[in-house]
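Here are some exercises to work through with the structure at your side. Try each task yourself, then follow the solution step by step.

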Amino acid sequence: MKYSAIITDIEGTTSRISFVTEVLFPYARQHLPAFVRSQCQQPEVAQELAAVRQQLQQPDADIEQCISALLSWLDADQKITPLKSLQGMIWRAGYEQGHFTGHLYPDVVTQLQAWHAQGIKLYIYSSGSVAAQQLLFKYSDAGDLTPLLSGYFDTRIGAKRELASYAAILQQLQLPPNQVLFLSDVVAELDPARELGIATVQLIREQQAAGDHAIAHDFSQIEA
Ligand SMILES: CSCCC(=O)C(=O)COP(=O)(O)O
Ligand SMILES: [Mg+2]
């Protein structure tokens, strides 16, 4: 066993990009205005709206201005933390009511089970909120896979292209970098992890450009 821990990205790595862009994002877009209007007094929503106002640097922005900003961030796929948190809250209903299940490539399910059985700790690092990550794995195509996972990281620990984010994750895992493997389809996410000494593998699921990291087309090709 080469690694004590494996951290994996979601979109384009464990899951098809189109599941995020054609199922999750449109569902959030459709339900966000009514969700925010009806739930804005709930403390967890009010807290995210305060973060939206802070991001806008408009402390007096009303609900409709907040909704408009959130929708424009969503359309531009901006990984802004209050948007990602609200998306997770909205997706909960979609999963619980059976509108969709969390897409995972079949090789991911098999390999996560094998790595878990070998004693490798498995973590997720996605721009989707921790709650959204937990929902995807709880309501996955293959059933509840959350027992396989030891932890989750989102934009609260930092952006995925920033070296400091990977340093903070290593700090939390309390592991030396060479015992950790990071999987992503995006070279700009793999580069800062490698700079810290974390092992990296780029997943090439579709037709994206390869970088200079080790490459796998599916999880069965990854030596851990
Ligand atoms: C937790 S599933 C939703 C993924 C998401 O919201 C997103 O922005 C994709 O981010 P990733 O870091 O997984 O590429
Ligand atoms: Mg990705």
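**Exercise 1. Find out whether Val23 is buried, partly exposed or exposed, and why.**

Step 1: Recall the rule: a residue is buried if 20 or more other C-beta atoms lie within 10 Å of its own, exposed if 12 or fewer, and partly exposed in between, with C-beta atoms placed from the backbone.
Step 2: Val23 has 18 C-beta neighbours inside 10 Å, so Val23 counts as partly exposed.
Step 3: Now place Val23 on the chain: it is found in helix α1, residues 17-39. Helices (H or I, at least four residues) and strands (E, at least two) are DSSP runs, numbered from the N terminus.
Step 4: Look across to Leu83, 60 residues from Val23 along the chain; their C-alpha atoms are separated by 17 Å.

Before you go on, a word on the model. It is predicted, so local features need a pLDDT of at least 70 and side-chain atom pairs count only at pLDDT 80 or more, while totals for chains, interfaces and linings use all residues. Residues are numbered from 1 along each chain as its sequence is written, and chains are lettered from A and ligands numbered from 1 in the order in which they are written.

**Exercise 2. State what confidence the predictor gives this model.**

Step 1: pLDDT is the predictor's confidence in each residue, from 0 to 100.
Step 2: The protein averages a pLDDT of 97, and 100% of the residues score at least 70.
Step 3: For the complex, the predictor gives an ipTM of 0.96 and a pTM of 0.96.

**Exercise 3. Describe the overall fold and say why its radius of gyration agrees with a compact globule.**

Step 1: Count the elements: the protein has eight helices and six strands. Along the sequence they follow the pattern β-α-α-α-α-α-β-α-β-α-β-α-β-β.
Step 2: The radius of gyration is taken over C-alpha atoms, and the globule rule is 2.2 Å times the number of residues to the power 0.38.
Step 3: For 224 residues a compact globule would have a value near 17 Å; the protein has 18 Å, which agrees.
Step 4: Along the principal axes, the C-alpha atoms fill a box of roughly 55 × 35 × 30 Å. Of the 224 residues, 34% count as buried.

**Exercise 4. Which domains make up the protein, and how many residues of each are in contact with the other?**

Step 1: Domain bounds come from an automatic or database domain assignment. Here that assignment gives domain 1 (5-16 + 103-221) and domain 2 (20-96).
Step 2: Two residues are in contact if their C-beta atoms, placed from the backbone, lie within 7 Å. By that rule, 13 residues of domain 1 are in contact with 10 residues of domain 2.
Step 3: On the side of domain 1 that touches domain 2 there are five nonpolar, five polar and three charged residues. Ala, Val, Leu, Ile, Met, Phe, Trp, Tyr, Cys and Pro count as nonpolar, Asp, Glu, Lys and Arg as charged, and the others, Gly among them, as polar.
Step 4: The centres of the two domains, taken over C-alpha atoms, are separated by 25 Å.

**Exercise 5. Where does the shell around ligand 1 draw its residues from?**

Step 1: A residue is near a molecule if its C-beta atom, placed from the backbone, lies within 6 Å of it.
Step 2: Ligand 1 is surrounded by 15 residues, the closest being Ile10, Glu11, Ser126, Ser127 and Gly128. Two or more residues come from each of α1, α4 (81-96) and α6 (130-138).
Step 3: α6 gives the most, with three residues.
Step 4: Each of domain 1 and domain 2 supplies at least three residues. By class, the shell has five nonpolar, five polar and five charged residues.

**Exercise 6. Compare the surroundings of Glu48 and Gln57: which is buried or exposed?**

Step 1: Glu48 is found in helix α2. With 25 C-beta neighbours inside 10 Å, Glu48 counts as buried.
Step 2: Leaving aside neighbours within four places in sequence, Glu48 is in contact with Pro82, Ser85 and Leu86.
Step 3: Gln57 lies in the loop between α2 (43-56) and α3 (63-75). Gln57 is exposed because it has 7 other C-beta atoms within 10 Å.
Step 4: Check the backbone of Gln57 too: its phi is near 55 degrees, a positive value in a residue other than glycine.
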